[in-house]
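Student: I'm new to this structure. Could you pick one part and take me through it closely?

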Amino acid sequence: MTGIELEQAAALITGALAPLGTQTLPVPDALGYTLDADVTAPLDQPPFDRSPLDGYALRAADIASASRERPVRLRVVETVYAGGVPLLPLTAGAAARIMTGAMLPAGCDCVLRQEDTDQGDPVVSIYKPLRPYENYVNLGEDYRSGTVLLPAGTRLDAAAVGLLSSAGVCQVPVRRRPRVFVLSTGDEVVYPHVHPLPPGKIYGSNLNLLLARLSELGIPETGGEHAGDDPQAVAEAMERLLGCCDALITTGGVSVGDKDIFHQALPLLGAETVFWRLNVKPGTPALYSTRRGKPILSLSGNPFAAAATFELLARPMLCALSGEERLLPQRRSARLDTAFSKASPCRRFLRGRWQDGRVSLPEGHSSGQLASLVGCNCLVDLPAGTGPLEPGRLVEVLLL
Ligand code: AMP
Ligand code: MG
């Protein structure tokens, strides 16, 4: 049986999925999420005319002739601190001592910094004239009430979180991210709490690797477990996990061996197979099914194959469920720094290290090897029919 092309597989996955909708999150927790609706300002910012410095609120007309040689003397009628409210409107010949961030008294039209005065009290000598509205911060100078602060589709960064907070917005509607569970399978696989490692067994890496990858991609609600190679037990575990997630990713058991039990487990579960096998190495036996519309992506158990097909298939799936385009890997051209001696009759993805338009390949390409994946940040996409590669060759990479 031959497989399908990667793009066709991704389209089969994404074509039948819709974004999960909106979720309301407290503002600090919404960092990195995408707004699902415009957020308008509920107030003017700043909410009152205020002083940008420590000095004296006064009337420009009163100090037009001021100089160090001939200071103008004004009565200091009150002191206004940040957080306080001026008690009196300012009349001709008067000044209010004022601190940065404090509300300006009515009647003043500028603020002189205290360094240009003698800081006298109750009469202050002014050494410098100002133009009207010099050092005067107007109500609404940052934004006005009712304006769109952040449009739908904005990905919230630290500045956006700060902006929302400045407007007193506590909660925002964001695109809901999927809850994704991972089920690893295999009778040979044990997890690191089992010591010593029994003969014939290996420590499982896929579950933690994929959960870590989901976490790196900002998918917060995840969970996972391991099952052996019993189809009934696997079907039961899948049933249980599907009850509390939006998408299930499994590893192992999808090839053609006697213990490739997903071919039995999926019918037991009542899942419908959408495709099995890709024209891609590694990860050829990838299998995709759905149960009552919920996606189940079943990847090869080989750790690099699982990691690579996660990037190729799970990320489009996560993008379709969340509506967040950022979840798709970016494609770039790059010059190869390293030779690769094998021909690629089938489309092949290699792990690589990309930097500034160049990509180097580590030693150790087999799909069971993980050590060489550490520090890699891209997959090199070699089309079917590519021959051995020399350094300097232009290739396409997917950034992870
Ligand atoms: P499978 O896809 O079940 O045929 O497994 C392919 C290879 O991946 C075998 O060598 C398995 O032992 C190995 N493998 C399967 N699951 C895991 C796992 N969770 N962690 C590490 N290796 C695994
Ligand atoms: Mg297996």
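**A close look at helix α2**

Tutor: Sure, let's take helix α2, which spans residues 158–166 and has Ala160, Val161 and Leu164 as its buried residues. Around the helix axis these three cover an arc of only 100 degrees, so they sit on the same side of α2. Keep in mind that this is a predicted model.

Now turn to the other side of α2: there you'll find Ala158 and Ala159, and both are exposed. Buried here means under 20% relative accessible area, while exposed means over 50%. So when you look at α2, try colouring Ala160, Val161 and Leu164 as buried, and then Ala158 and Ala159 as exposed.

What do the buried residues of α2 pack against? They meet three strands: β2 (39–40), β8 (148–150) and β9 (171–175). If you follow the chain past the helix, you come to glycine 168, which follows α2 and has a positive phi, near 75 degrees.

For another helix to set beside this one, go along to α4 (residues 231–242) and α5 (residues 262–269), whose axes come within 8 Å and cross at roughly 50 degrees. That angle is why α4 and α5 are described as oblique to each other. The crossing of α4 past α5 is right-handed. On the α4 side, the contact residues include Val234, Ala235, Met238 and Leu242, and on the α5 side they include Phe262, Leu266 and Leu269. Sorted by class, this contact of α4 with α5 has 10 nonpolar, two polar and one charged residues.

Key
Residues numbered from 1 in each chain as written. Chains lettered and ligands numbered in written order. Predicted model: local features only at pLDDT ≥ 70, side-chain atom pairs only at ≥ 80, totals over all residues. Heavy atoms only, no water. Axes fitted to C-alpha atoms, helices over the stretch in contact; angles between N-to-C directions. Helix = DSSP H or I, 4+ residues; strand = E, 2+ residues; numbered from the N terminus. Parallel < 35°, antiparallel > 145°, perpendicular 65-115°, else oblique. Left-handed = near helix turned anticlockwise from the far one by under 90°. Contact = heavy atoms within 4.5 Å. Nonpolar A, V, L, I, M, F, W, Y, C, P; charged D, E, K, R; others polar. Buried < 20%, exposed > 50% of the residue type's maximum accessible area, 1.4 Å probe, protein only. Arc of directions from axis to C-beta.
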